Amino acid sequence: MSEPLAKAYEPKDVERRWYAFWEERGFFKAHPTSGRPPFCIVLPPPNVTGSLHIGHAFTNTLQDVIARWKRMSGFDVLWLPGLDHAGIATQMVVEKQLAKEGKKKEDLGREEFEKRVWCWKEESGGKILRQLRLMGFSLDWSRERFTMDPGLSRAVREVFVSLWEQGLVYRGNYIVNWCPRCVTALSDLEVETHPEAGSLWYIRYPGADGSEGIVVATTRPETMLGDTGVAVNPDDERYRGQVGRTLKLPILGREIPIVADSFVDPAFGTGAVKLTPAHDPNDFEAAKRLGLPSIDIMDDRAVLNASAGPYAGQDRFEARKGIVAQLEREGLLVKTVPHQVPLGRCQRCKTVVEPRLSAQWFVKTTPLAEPGIAAVEDGRIRFVPENWSKTYFEWMRNIRDWCVSRQLWWGHRIPAWYCDADGEVIVAREEPAACPKCKGTLRQDKDVLDTWFSSGLFPFSTLGWPDRTLDLQRYYPNDVMMTGFDIIFFWVARMVMLGMRFAGDVPFRTVFINGLVRDEKGEKMSKTRGNDVDPLDVIDKHGADALRFTLTALAAPGTDPSLGEARLIGYKAFVNKLWNAARFVLMNLEGEIAGSYDPSSLPLPSRWIRERLEATAAEVNEALAGFRFDQASNALYHFLWDEFCDWYVEISKVYLADPVSGPVARKVLVEVLESSLRLLHPLMPFVTEELWQRLPHEGESVMLASYPKGDAGATGAAAEMAELTALVTAIRTVRAEYGVDPKRRIDVVVVGTGAAGEAVGREEAWLRQLARLEKLELLASAPPAAAGTIRQPVGAFEVLIPLAGLFDVAAERARLTRELEKVEAERDGLGKRLGNPQFVERAKPEVVAEARQKLEELTARAEKIRATLRSLEGA
């Protein structure tokens, strides 16, 4: 590129241009015959329900850092992209669209509705794929997959049928979690259960013989219309004589028996519980043991049906009010007391879930879970951080059979067909033409599979399974799975179970669990709170590199990162700092550049920056290998901003001005900057490519260049340099504290002997330049104390700075005195506020913490001003 580097970095044009360059040249593609060691990572497929949120940006940024690092480290990297059809969630989105048009899915019919969802998939999926590109993610787009692609659909059918053949899939009537809004069964994981304020109603069930009967306690009086018995504990002395008698069910008048079962807790309510087998899982199991019938009193939308007698046609909660009122009128409502109810709600729509007897398909999970538990126990799969393995074990060791059928139209249709003539059920890989027994007509099951069923196959179905493809042989198992903690059960565990069963090995070697992105106050982000962050808005304002670096810097394992505007602004400034440093280097490349040099003969600052580059590279590699993205980011930030930009670039100006040292200085500058850009590239791909292309380099792209390995060994240059930079910092601090004009050069005496003193003499040129000195006098011993001279120890040195004539001492004393009065007044006012118990008790904790921190800062500032005033007394 011949055009000069712009004064300011404009990310939009740069990002668009370089992503197109990478993609068009196929730099993201994996090459299974390359001979390089393989490294595979699968993108957790986003749901085609809208667009990406900041959580996606966080997880995917960390994945891209690993993918780019591994690619530059010599691996054949496959980072496989995909999208998830997201059954319930996507169907809800499209149904809401239809509702705005005054339509229901039934108005379209199943086939036309599916076409409508496919149109939405193209719209939403296209938007998501554009967002992934805008973030700079180096995904192998030639292998992009969708969970309802023909290939993946074939894998889904193969797994389901194989499980059926192995006796691990069954269909039956069981109590399931039912969402009346989504009109489908839900797995236990799709139900969010929390205690909510409710009531406990005590209802008298009269004896069929006219006796008082029994009082039962319930939190769901509407379900009493489906009662088929009342149960007591067989060891409960209060009811021993009652077992076997008959009660009269209020409202409906149906006679039901009193039965005994040990599942009843004598301490709950009255010790007698109503049995509603069709609407409670415990009651259902008890009814099977006791031989009681089940009566379903609700339809798919939780509206009471004909079995509910006079309340047929009413919503369940509307019916509850009427039933309670009728019981009260008839004198059968004994009392009502407040009660905390563990209420389950649909994870998607937050509707109260109804336990309901329904014919569903289930997978037997215990035989699948046992190998998955062993794989983590013996180290074939490791969790990072390790503590998440406990969460995994807790769920896997207490796993229940998985309800995999959903009453939806969008998803993988269950490959089961029924013959109404002879009751035959056929589960097959291909659609059968007719019933194999009677040759009669078949109808396919209307239900679809749980979204997580197909997602659980993703690590191997995307590689061509069930065919033994080259990709499958090379890239399975995947090397690492990076995802959020909230889907360890939903996804990670199921990938392990299904992968081990069907692909013959664990699906991945490492599971890295990242935290949940929160706002700057630590609050969970959500649209309802108004604190959610759209990554595209951030990119538009700050650039993709600033967002990526912010997210990696916040990614400390085991923590939830707090994303705030101040961080983004700070790391945007880091991008600009790097840009300006590169601009300086490029502007100084017009002179002679040395072809080679003897590293041992370089001046101290050049030996130091090379040593620090090597140490930083070693530190970054170690951090990335351990998924310590935060440490890698901090190491790069400190090296580039604090050491390269603030020190070495400034020092190099002295050498560049010298025709003798200039050529070597240019060579070192270019080498260090070029290596630094390679180091930084996985975190900030766009700006590093733009700058790398302008430097002397080999190869087509920085993303294909080799990643610096580094060397943590020290040569001593860092220790020697630290003493000299501390000397400059001390002089700069004094200048700032006393308000010395930054442009004015001052005289300084440095007291030092031995190697330290020799270093000052040897490096005097750049020391004078960076500290803005007119004269630097080196003495072996300190002269007598003189009035108006600042004496400050700095490591092996003592610095003496005469203040006379540098500024108006009287004016400076007056200014500092005024500032001290202002600071002390603010400090005292804040102290009184914190001394008020009402403020401390009533204010938000973060407000109190902020006030205390401010008090500490004001106290320290006041002491510093007083110290400066004391030093001016003799001036």
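In what order do the 4 strands of the open sheet stand? Let me start there, and let me say at once that what we are looking at is a predicted model, so please keep that in mind throughout.

The order of the strands is S6-S5-S14-S16, and their pairing is antiparallel. Strand S6, residues 184–186, and strand S16, residues 402–403, stand at the edges with a single partner strand each, so one side of each of them is left without a neighbour in the sheet. Between strand S5, which covers residues 169–179, and strand S14, which covers residues 354–363, there are 10 bridges, and these two strands pair in the antiparallel sense. If you want one pair of residues to find on the screen, take Arg171, which stands opposite Trp361 in S14. Helix H7, residues 281–290, packs on this sheet and touches both S5 and S14, with its direction at about 140 degrees to that of S5. As a general point for those new to sheets, side chains in a regular strand alternate between the two faces of the sheet.

There is also a hairpin that is worth a look. Strand S28, residues 789–794, is joined by 6 bridges to strand S29, residues 797–802, and the two run antiparallel. Val794 stands opposite Phe797 in S29, and of the 2 residues between the strands of this hairpin, Gly795 takes a positive phi near 60 degrees.

That brings me to backbone geometry. In general, most residues other than glycine have a negative phi, and most peptide bonds are trans. With that in mind, look at Ala302, which is not a glycine and yet has a positive phi of about 65 degrees. Ala302 sits in the loop between H7 and helix H8, the latter being residues 316–329, and Ala302 counts as buried because its relative accessibility is 2%. Lys350 is not a glycine either, and its phi is positive at about 70 degrees; you will find Lys350 in the loop between strand S13, residues 333–346, and S14. At a relative accessibility of 40%, however, Lys350 counts as partly exposed.

Where, then, are the cis peptide bonds that I would like you to find? One joins Val384 and Pro385, with omega at about -5 degrees, and Pro385 belongs to the loop between strand S15, residues 382–384, and helix H10, residues 388–396. Another runs from Tyr476 to Pro477, with omega near 0 degrees, and Pro477 lies in the loop between H13 and strand S22, residues 478–484.

Let me turn to the aromatic rings, where the structure holds 38 aromatic pairs. Among them is the pair of Trp465 and Phe502, which is edge-to-face, with 6.0 Å from centre to centre and 70 degrees between the planes. Trp465 lies in the loop between helix H12, residues 458–461, and helix H13, residues 470–475, while Phe502 is in helix H14, residues 488–502, so this pair ties together parts that are 37 residues apart in sequence. Both of these residues, Trp465 and Phe502, are buried.

Why does the pair of Phe574 and Trp641 count as stacked? The ring centres are 6.4 Å apart and the planes are at 25 degrees, and therefore the pair is stacked. This pair, too, links distant parts of the chain, with Phe574 in helix H17, residues 565–587, and Trp641 in helix H19, residues 629–656, 67 residues apart. Phe574 and Trp641 are both buried.

Ring pairs also link Phe160, Trp164, Trp361, Trp402 and Phe453 into a cluster, and you may remember Trp361 from the sheet, where Arg171 stands opposite it. Charged side chains meet rings as well: Arg397 lies over the face of Phe393, at 4.2 Å from the ring centre, and Lys653 lies over the face of Phe584, at 5.3 Å from the ring centre.

I will finish with a single residue, Thr616, which is found in helix H18, residues 604–625. Is Thr616 buried or exposed? Its relative accessibility is 0%, so Thr616 counts as buried. A polar atom of the Thr616 side chain lies 2.7 Å from the backbone oxygen of Arg612. Leaving aside residues up to four places away in sequence, Thr616 touches Ala635, Leu636, Phe639 and Leu679.

How values were computed. Residues are numbered from 1 along each chain as its sequence is written. This is a predicted model: local features need pLDDT of at least 70, side-chain atom pairs count only at pLDDT 80 or more; totals for chains, interfaces and linings use all residues. Side-chain values use heavy atoms; hydrogens and water are left out. Two strands pair if DSSP finds at least two bridges between them. Contact means heavy atoms within 4.5 Å. Axes are lines fitted to C-alpha atoms, for helices over the stretch in contact, and angles run from 0 to 180 degrees between N-to-C directions. Buried means under 20% relative accessible area, exposed over 50%, partly exposed in between (1.4 Å probe, protein chains only). A polar contact is a pair of N or O atoms within 3.5 Å; within protein, one must be able to donate a hydrogen and the other to accept it, and residues adjacent in sequence count only if both atoms are side-chain atoms. Rings of Phe, Tyr and Trp (its six-membered ring) pair if their centres lie within 6.5 Å; planes under 30 degrees apart count as stacked, over 60 as edge-to-face and the rest as tilted. A charge sits over a ring if NZ of Lys or CZ of Arg is within 6 Å of the ring centre and within 35 degrees of the ring normal.
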